[in-house]
Amino acid sequence: MLKIIVALGGNALGKNLTEQYKAVKVTASAIADLIEEGHTVLLTHGNGPQVGKIDSAMNALMLEDPTEEKTTLSMCVAMSQAYIGYDLQNALRKELTRRGIERPVATIITQVEVDNADPAMKNPSKPIGKFMTEEQAQSMKERYGYTVAEDAGRGWRRVVASPMPQRIIELDAIRAASDSGSVVICCGGGGIPVRQKGEFLKGCAAVIDKDYCSELLAEKIDADMLLILTAVDRVALDFNKQTERVLDTLSAADAERYLSEGQFAKGSMYEKVAACARFVSSKPGRAAVIASLCQAKAAVEGKAGTTFDNE
């Protein structure tokens, strides 16, 4: 049996509370299939729409009541981890119980350290939150020191840094919970970004890519497989073009070549492919697969998705 890190994409969570409540039921069934087969599963997840909504809500509260204190982005990430984890763990516990499987399910609020010297910290580029007019964006910049940018002709948004994850602070707790038989939900949204400040860690205005964080977790707990579940069945070259070609397998070397050629869009498939290539290259015998949620079990069995190798 395998130890699998399952990284859930946005399609596994929905875009709002109602969609999330419905989506996690489907997600729970797919994950329960793997657990029922005897695999050890740890879940990570994104938080793209959720953390943006929380940040926007906190900003609206400040505009409504100037006496309210500013809520940091790291706190918004923590909030998103908690409420997404709450829905996931309840849905999964219910599905496991329905199948006669008694297994603890727990969400661990996870901090992830980033490097003060990471170039991304000085070049915020990850858009979050709602679209604004240029006037609204400049107001937020002046009042709260936000970095704002025009987003592909659709309006203005807040942009934040997206540094690489360096260390998972709660790694020992995650490992202990998993080793004791719990299904662990952790590293939500790529983790709460923290930086070293003197002897302690302090949250920072950044978001960490969940696929890179999932890969780091997979390495550190010596997982057998990194399974990234997304909205498409397989990785494709020339995506959405007449020359589109889907891939059943992809070597780490070819993945690196395609990444350098710009085959995969950043903020979408780029990070998934890069994470998988890195994981299979980190140690012989490790596997990585990108597949759709409904194909989770088949992907683990090598019957679906795009499988990465280090040949």
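This passage describes a sheet and a helix that packs on it in a predicted model.

The sheet is open and has 8 strands. Their order is β3-β9-β2-β1-β12-β16-β17-β15, and the pairing is mixed. Strands β3 (105-107) and β15 (249-251) stand at the edges. Each has a single partner strand, so one side of each is left without a neighbour in the sheet. On average, neighbouring strands are turned by 20 degrees against each other, direction ignored.

At the β3 edge, the partner is β9 (residues 183-185). The two strands run parallel and are joined by 3 bridges. V105 has V183 of β9 as its bridge partner. In general, strands of a sheet pair through backbone hydrogen bonds, either parallel or antiparallel.

Helix α7 (residues 252-260) packs on the sheet. The helix touches β15 and β17 (306-309). The direction of α7 makes about 85 degrees with that of β15.

Four names make up the buried set of α7: A252, A255, Y258 and L259. Seen down the axis of α7, these buried residues fall within an arc of 120 degrees, so they line one face of the helix. The face turned away from this buried side carries A253 and S260, which are exposed.

The buried residues of α7 pack against several elements. Among the strands are β13 (236-237), β14 (245-246), β15 and β17. Helix α8 (269-282) is also a packing partner. Just after α7 comes G262, with a positive phi of about 80 degrees.

Note on methods
Residues numbered from 1 in each chain as written. Predicted model: local features only at pLDDT ≥ 70, side-chain atom pairs only at ≥ 80, totals over all residues. Heavy atoms only, no water. Pairing = 2+ DSSP bridges. Axes fitted to C-alpha atoms, helices over the stretch in contact; angles between N-to-C directions. Contact = heavy atoms within 4.5 Å. Buried < 20%, exposed > 50% of the residue type's maximum accessible area, 1.4 Å probe, protein only. Arc of directions from axis to C-beta.
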